[in-house]
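Biologist: I should be grateful for a close look at a single part of this protein, set against the chain as a whole. Please define each term as you use it.

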Amino acid sequence: MAGSSHGHTPAAWTGVIIAFIGFCVAGAFMVMDQPVGFWAGMVVVLLGGVVGAIMRMMGLGQPKEAQQPHRTTGDREPAGAGS
């Protein structure tokens with residue numbers, strides 16, 4: 001997907017970073033055998049998705065009109081057919 005801006009938005013980066021931090025917290029507490037800390041990390045993972053969705057609704061995500069359906073080679077007209 002060369003030239004695509006899929007996922008390169010403040011909403012996507014923020015959501016993923018928050019979810020990654022929650023994943024690390026949950027993993028650390030899982031190794032330490034602390035269920036409360038594990039579930040707190042899982043809540044942070046979910047919070048990352050919520051924050052990303054809210055930021056997208058605020059206009060910090062990829063605009064809807066920029067998303068175009070993918071075209072395959074068969075969808076195009078042959079060279080010189082449209083003249």
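Modeller: The account below begins with the whole chain and then turns to the second helix and its surroundings.

This is a predicted model, in which local features need pLDDT of at least 70 and side-chain atom pairs count only at pLDDT 80 or more, while totals for chains, interfaces and linings use all residues. Residues are numbered from 1 along each chain as its sequence is written, and side-chain values use heavy atoms, with hydrogens and water left out.

The protein chain holds two helices and zero strands; helices (H or I, at least four residues) and strands (E, at least two) are DSSP runs, numbered from the N terminus. Of its 83 residues, 14% count as buried, where buried means under 20% relative accessible area, exposed over 50%, and partly exposed in between, with a 1.4 Å probe and protein chains only. Its accessible surface (Shrake-Rupley method, 1.4 Å probe; for residues, only the protein chains shown count as cover) comes to about 6,700 Å², and 68% of that belongs to carbon and sulfur atoms.

The helix in question, α2, spans 35-60, and the loop between α1 and α2 contains Asp-33. Asp-33 counts as exposed because its relative accessibility is 63%. Its phi is near 60 degrees, a positive value in a residue other than glycine. Most residues other than glycine have a negative phi.

Within helix α2 lies Val-50, which is partly exposed because its relative accessible area is 45%. Val-50 joins Leu-47, Ile-54, Met-57, Met-58 and Leu-60 in a nonpolar surface patch with about 600 Å² of accessible area together. Such a patch is made of residues with over 30% relative accessible area and no salt bridge, nonpolar side chains (Val, Leu, Ile, Met, Phe, Trp, Tyr) being joined within 5 Å and like charges within 9 Å. A salt bridge is a side-chain nitrogen of Lys or Arg within 4 Å of a carboxyl oxygen of Asp or Glu.

Leu-60, one of the patch residues, is also touched by Thr-9, as are Gly-61 and Gln-62, not counting residues up to four places away in sequence; contact means heavy atoms within 4.5 Å. Thr-9 lies in the segment before α1 (10-31), and it counts as buried because its relative accessible area is 11%.

The structure also holds one aromatic pair. The ring centres of Phe-38 and Trp-39 are 4.9 Å apart and their planes stand at 75 degrees, so the pair is edge-to-face. Rings of Phe, Tyr and Trp (its six-membered ring) pair if their centres lie within 6.5 Å; planes under 30 degrees apart count as stacked, over 60 as edge-to-face and the rest as tilted. Trp-39 is exposed, with a relative accessible area of 55%.
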